[in-house]
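User: I am new to reading protein models. Could you walk me through how the descriptive words are chosen?

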Amino acid sequence: MLCLGIEGTAEKLGVGIVSEKGEILANEGKPMPLKEGIHPREAAQHHAQNIKPLIERALAKAGVGMEEVDLIAFSRGPGLGPCLRVIAVAARTLALRYKIPVLGVNHCVAHIEIGRLTTGAEDPLTVYASGGNTQVTAFAAKRYRVFGETLDIALGNCIDQFARELKLGAPGGPIVERLAKGGSYVELPYVVKGMDLSYSGLLTAAIKKAKSASIADVCFSLQETAFAMLVEVAERALAHTEKEEVLIAGGVTVNARLQEMLRSMCAEHGAAFYAPPGEVLGDNGAMIAWLGVLSYSSGVRQRLEETQVIQRWRTDEVEVLWR
Amino acid sequence: MEVIAKGAEANLYLQNGVVVKERIRKEYRIPEIDEVLRSTRTKREARLLSLARRAGVPTPVVLDVDTQRKSITMSYIEGEKLKYLVERLDEDELRELFTHIGSLAARLHRSHIIHGDLTTSNMILSRGRVFFIDFGLGEVNSSLEAKGTDLLVFAKAVRSTHFARESQILEAFFSGYLREYPEGEAVIERMRSIERRGRYVSAR
């Protein structure tokens with residue numbers, strides 16, 4: 001069985017082709033060039049314009065024709081409404097045209113599953129941080145339970161907004177990471193609430209601090225504070241769930257400093273640390289295709305009219321039938 | 001010294017019948033952040049443990065605070081963490097226990113004490129009494145926002161850890177909370193609005 005997966009919850013459009021054994025035959029992506037933040041309607045237009053050539057590129061890369069594809073999967077949520085609707089329409093169209101089934105799958109669960117597939121982690125605590133999501137999850141009784149999450153904005157959003165406010169460029173993550181080198185610490189608020197965290201106060205404080213301190217110092221301190229908060233929440237969740245593996249997911253976790261901190265925390269608690277390869281760490285089509293395979297193989301079916309998008313779809317609402 | 005528990009942020013030692021809780025240095029944090037967090041939390045925890053007991057919530061008795069070592073020496077509470085106990089209780093026991101816990105949380109909030117990490121990992125049942133521990137993330141704060149967040153942390157911890165009994169636990173908890181603290185209605189209301197503000201809400 002071959003599954004073609006379409007990802008497009010935010011600014012990045014991705015198409016992946018994965019076999020039922022988990023071989024990734026293609027994983028093509030097209031990020032939208034960003035000057036500022038993501039405008040949902042512009043991102044949706046970007047997806048609409050690029051989806052056809054990107055599917056063709058993925059098929060060519062995999063060396064297969066559309067008639068060899070047995071299943072279409074797409075990111076049904078959570079994400080930006082206009083973007084989700086574009087990829088949903090593309091997925092349904094392909095399904096109708098080639099008379100094959102279509103499944104809408106959960107974006108956050110897809111990140112976890114592609115991580116397990118590519119690293120061999122079996123039952124990890126997953127630390128997932130991206131532009132739009134920040135959560136710490138672990139499997140229990142057929143669900144990925146959310147042990148910690150942001151109470152307001154996502155970690156990536158915090159850093160991106162900071163960079164935008166200071167006109168440092170976009171996307172903010174790699175820019176702030178570069179500027180942080182050589183900076184020294186200035187005080188910023190550190191907000192952890194139980195196993196949850198909050199980044200909106202930190203963002204406001206960092207923007208304000210940039211008026212009196214050097215950019216390098218604020219970038220350094222923003223990273224150190226925001227990452228330490230996430231690692232601490234992961235550490236609390238690890239102690240609480242008694243899991244023995246930690247898996248990372250999401251574009252923000254590409255950051256070398258964040259990985260270093262998580263590795264150090266894992267070493268202290270004797271947990272194994274798993275980092276998937278870069279091409280499946282951020283948003284990508286292969287993860288959607290793989291979750292399509294897992295869902296379909298465990299009996300999930302959706303009629304066309306049941307494939308509407310779900311903009312706010314909690315990770316713990318998905319029943320994990322394949323574990 | 002015998003290590004009796006290794007938590008996320010501290011080691012617990014049993015020494016001559018008392019517990020020493022030492023907040024250990026975290027290599028992943030830069031020293032500037034690490035030092036401040038460990039000092040503040042140690043001082044806060046010692047203070048809140050005493051304030052909470054005065055507010056009518058059983059807590060270990062603080063015997064000594066060492067700000068250099070970031071440690072608190074306190075009385076040893078022999079018992080079981082509620083996290084493990086919950087699974088074995090029948091329906092009536094569960095209701096009784098969490099109604100009581102709700103009333104303890106209410107006593108804290110009535111005195112403007114925020115626990116900061118209300119989970120069943122931080123409650124011990126000892127000789128029929130429930131003790132609250134781990135006040136390191138707490139503060140004294142009279143705002144609805146702080147109290148509402150405190151309740152939300154609890155509700156979410158129950159959802160992730162005791163998912164099979166979530167509704168029973170929360171129902172009992174809130175009934176106990178309101179019985180002890182009728183003004184707490186506004187706190188519960190605020191908890192719901194904080195949750196709705198969050199990123200992952202399926203229904204609004």
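Analyst: Happy to help; below, each descriptive word is set against its definition. This is a predicted model, so local features need pLDDT of at least 70 and side-chain atom pairs count only at pLDDT 80 or more, while totals for chains, interfaces and linings use all residues. Residues are numbered from 1 along each chain as its sequence is written, and chains are lettered from A and ligands numbered from 1 in the order in which they are written.

User: Why is Ala138(A) called buried?

Analyst: A residue is buried if 20 or more other C-beta atoms, placed from the backbone, lie within 10 Å of its own (12 or fewer is exposed, in between is partly exposed). Ala138(A) has 25 C-beta neighbours inside 10 Å, so Ala138(A) counts as buried. Ala138(A) belongs to strand S7 (residues 134–140) of chain A; strands are DSSP runs of E with at least two residues, helices are runs of H or I with at least four, and both are numbered from the N terminus.

User: Which residues does Ala138(A) touch?

Analyst: Leaving out residues up to four places away in sequence, the partners of Ala138(A) include Leu125(A), Phe147(A) and Lys243(A). Contact here requires C-beta atoms, placed from the backbone, within 7 Å.

User: What makes H4(B) and H5(B) roughly antiparallel?

Analyst: The axes of helix H4 (residues 144–161) of chain B and helix H5 (residues 166–180) of chain B cross at roughly 155 degrees and come within 9 Å. Angles over 145 degrees count as roughly antiparallel (under 35 is roughly parallel, 65 to 115 roughly perpendicular, the rest oblique). H4(B) and H5(B) are therefore roughly antiparallel to each other. Where they meet, Ala155(B), Val158(B) and Arg159(B) in H4(B) face Glu166(B), Ile169(B) and Leu170(B) in H5(B).

User: How do you know that the length of H10(A) agrees with its number of residues?

Analyst: The expected span is 1.5 Å times one less than the number of residues. Helix H10 (residues 285–297) of chain A has 13 residues and should span 18 Å, and its end C-alpha atoms are 18 Å apart, so the two agree.

User: What makes H10(A) mostly covered?

Analyst: In H10(A), 12 of its 13 residues are buried. Among them are Trp290(A), Leu291(A) and Tyr296(A).

User: How many residues of chain A are in contact with chain B?

Analyst: In chain A, 33 residues are in contact with 28 residues of chain B. H7(A) gives the most to this side of chain A, with 8 residues.

How values were computed. Axes are lines fitted to C-alpha atoms, for helices over the stretch in contact, and angles run from 0 to 180 degrees between N-to-C directions. Two residues are in contact if their C-beta atoms, placed from the backbone, lie within 7 Å.
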